[in-house]
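I wanted a quick look through this one before doing anything else with the file. These are my notes, in the order I looked things up.

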Amino acid sequence: MAATRSFRVLPGFGLSLGYTLTWLSVIVLIPLVAVFLKAGSLGLDHFIAAVSSPRVLASYRLTFGASLIAALINTVFGLMLAWALVRYSFPGKRLVDALVDLPFALPTAVAGIALTALYAKNGWVGKLLEPLGIQVAFTPLGVLIALIFIGLPFVVRTVQPILEDLDTEYEEAAVSLGANRWQAFLHVVFPTVLPALLTGFAMAFARAVGEYGSVIFIAGNIPLVSEITPLMIITKLEQYDYAGATAIAVVMLLISFVLLLVINGLQAWTAKRTGRER
Amino acid sequence: MSGAAAVFHGSADHAARFESKAATREPALVKWGILAVSLSFFAIFLLLPLITVFVEALRKGWDVYFAALIEPDAWAAIKLTLIAAAISVPLNLVFGVAAAWAITKFEFRGKHLLITLIDLPFSVSPVVSGLIYVLVFGAQGWFGPWLSEHDIKVVFAVPGIVLATVFVTFPFVARELIPLMEAQGRDEEEAAVVLGARGWQTFWYVTLPNVKWGLLYGVILCNARAMGEFGAVSVVSGHIRGQTNTMPLHVEILYNEYQFAAAFAVASLLALLALVTLVIKTWVEHQAGKASQQSEE
């Protein structure tokens, strides 16, 4: 340690790293450990009972099902939107480009009530869907709509820079070798974009799984039908069932950690495939 | 992970490069098809909800709108939101700079693990983020008995709200700075130190000018999330009107009381904040794009 220290020209290593580790421990690590310790004190039987009651199981199905479908929809349309933003010029393009980040900037509660107003029976969109017999607000379909809203920028913003960096030469080479436009896309562009597209998909999915604010207004929160898993934690807390809330939180945290590892792996793959850092 | 995709990139129009060549141009029909589908999707899922906020807010006229904003509970909520952001943003700014300095200017073992741990709050559900502080500082938590003995309230009070806000905005500044300072390298700083600059001078005159746009970018996103956080704050707040309600929580209460116009009026302030955030963000990207072009010339 002392040997390497003498090679450091720049000052402040001890101070900055010490501060970083202390603050990280106080704000993030120690409170997170508290969740696992609390869950550990619960006993295995209690824990399993808490995380596998019918209402909680139904919430997993909704949360993961809706998150998966929303992420898939966002992957398809997010790729198209990123493509349009990179490859075409059209009026209002800069506005569209800036507003893609709206779900990052708009507080989730605001998004939640706006979507509910839009898709309720008397709302602009709800009114159009009502004659078709489609009810969105206060059904699982509403959850899906909210999760699409929240996840879209993840796909667009991970794919967009990769598309921008793409040199035209590869596609030109493909065409000069006799490929048509679709073949050039499928065999030249798509493989380059694929890791970023999967990263965007995984990020949108991970965000959707934990999402709370934008969903609870439009979901209607009907037990066994339209309750999401984060809401189950809130419900347990409101009943002063701290142990039950913690048990569900542990399940969610473990899933988050797995998704985080998957996303890190995908990002490394993207960097390798495209020669881009991060 | 939220905000993770908002990684800093300069603005530049690439369309001309692709549209000028036959090999990278789609048939007109395909082009208009893609534009029509993607822009409709954008309009329905992003634009329409934004417009709805303002239309609903003004549905009952300007009088009701302003009445909802000057009501004492709304004022208290606005004040608390500003306080929470005013504390948590500077804390995370200092942390982000320290973390980026340690990570990018020095070599040490476990660096990648450290970066992953800093990113961790993004991948935790907001509700869980709130819960962890209830478990540490709540009545039944680790420090609960000690805190109540000394008559200190953390959970269901302002300190809990600040803590939850710090947690959810934890990675914002660090994650913008780390890739940027990594790309800058350490040659300039080392030269400054060799020429006799002190540590702070080096940071202030060499590092900061190089990363100022990325720093501003991180701070803006951090602030937007701090003011808009709902789930985490909702768990630790206790929803005491006029005392522990932030603006997003106030919106929820009004909405649940069927005071829709008032709820959307307060929501419209938050939507304006989001729009201002996006405008500054676009401007910063533009500035950074210009700066990087200049340095390449």
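What follows is a set of short entries, from one chain as a whole down to single residues.

**Entry 1: ground rules**

I'm working with a predicted model here. I kept that in mind for every entry below.

**Entry 2: chain B overall**

I started with the fold of chain B. I get 14 helices and 0 strands. Read along the sequence, the pattern is just α-α-α-α-α-α-α-α-α-α-α-α-α-α. I looked up the extent next: the C-alpha trace of chain B spans about 60 × 60 × 30 Å along its principal axes.

Then burial. Chain B has 297 residues, and 56% of them count as buried. Its accessible surface comes to about 12800 Å², with 66% of that belonging to carbon and sulfur atoms. I also checked how far along the sequence the contacts reach. Among contacts in chain B with a separation of 6 or more, 73% are between residues 24 or more positions apart.

**Entry 3: helix H8 of chain B**

How many of the 11 residues of H8(B) are buried? I count 9, so this helix (residues 158–168) is largely enclosed by the rest of the structure. The buried ones are Gly160(B), Ile161(B), Val162(B), Leu163(B), Ala164(B), Thr165(B), Val166(B), Phe167(B) and Val168(B).

**Entry 4: where A meets B**

I turned to the interface. About 9300 Å² is buried between chain A and chain B, and carbon and sulfur atoms give 78% of it. The contact takes 102 residues from chain A and 104 residues from chain B.

For the polar side, I find 11 residue pairs in polar contact between the two chains, both residues at pLDDT 80 or more. H2(A) gives the most to the side of chain A that touches chain B, with 18 residues. The rule finds 2 salt bridges across this interface. I noted that Arg181(A) forms a salt bridge with Glu26(B), with the closest N and O atoms 2.7 Å apart.

**Entry 5: a greasy spot on the surface**

I looked for nonpolar patches and noted one made of Ile30(A), Val33(A), Leu37(A), Trp142(B) and Phe143(B). Together they have about 470 Å² of accessible area. I picked out Val33(A), which sits in helix H2 (residues 13–40) of chain A. Val33(A) has a relative accessible area of 42%, so it is partly exposed.

**Entry 6: salt bridges**

Over all chains I get 17 salt bridges. I went through some of those in chain B.

Glu189(B) and Lys105(B) meet through their side chains at 3.2 Å, N to O. This pair links distant parts of the chain, as Glu189(B) is in helix H10 (residues 187–194) and Lys105(B) is in helix H4 (residues 72–105), 84 residues apart. Both Glu189(B) and Lys105(B) are buried.

Glu56(B) and Arg59(B) form another salt bridge, at 3.5 Å, N to O. Are these two buried or exposed? Glu56(B) is buried because its relative accessible area is 15%, and Arg59(B) is exposed because its value is 54%.

Lys111(B) pairs with Glu107(B), the closest N and O atoms being 3.7 Å apart. Here Lys111(B) counts as buried, at 12% relative accessibility, while Glu107(B) is exposed at 51%. I also wrote down a network: salt bridges that share partners join Asp97(A), Asp101(A), Arg157(A), Lys281(B) and Glu285(B).

**Entry 7: two threonines in chain A**

Thr108(A) lies in helix H7 (residues 108–119). Its relative accessibility is 12%, so I logged it as buried. Which residues is Thr108(A) in contact with, leaving aside neighbours within four places in sequence? I got Ile150(A), Arg207(A), Glu211(A), Gly213(A) and Ser214(A), plus Gly228(B) and Phe230(B).

Thr139(A) is in the loop between helix H8 (124–129) and helix H9 (140–165) of chain A. Its relative accessible area of 16% is under the 20% cut-off, so Thr139(A) is buried as well. Not counting residues up to four places away in sequence, Thr139(A) touches Ile218(A), Ala219(A) and Ser226(A). I checked that last partner by C-alpha: Thr139(A) and Ser226(A) are 6.0 Å apart in space and 87 residues apart in sequence.

Key. Residues are numbered from 1 along each chain as its sequence is written. Chains are lettered from A and ligands numbered from 1 in the order in which they are written. This is a predicted model: local features need pLDDT of at least 70, side-chain atom pairs count only at pLDDT 80 or more; totals for chains, interfaces and linings use all residues. Side-chain values use heavy atoms; hydrogens and water are left out. Helices (H or I, at least four residues) and strands (E, at least two) are DSSP runs, numbered from the N terminus. Buried means under 20% relative accessible area, exposed over 50%, partly exposed in between (1.4 Å probe, protein chains only). Contact means heavy atoms within 4.5 Å. Patches are made of residues with over 30% relative accessible area and no salt bridge: like charges are joined within 9 Å, nonpolar side chains (Val, Leu, Ile, Met, Phe, Trp, Tyr) within 5 Å. Accessible areas come from the Shrake-Rupley method with a 1.4 Å probe; for residues, only the protein chains shown count as cover. A salt bridge is a side-chain nitrogen of Lys or Arg within 4 Å of a carboxyl oxygen of Asp or Glu. Buried area is the accessible area (1.4 Å probe) that two parts lose on being put together, summed over both. A polar contact is a pair of N or O atoms within 3.5 Å; within protein, one must be able to donate a hydrogen and the other to accept it, and residues adjacent in sequence count only if both atoms are side-chain atoms.
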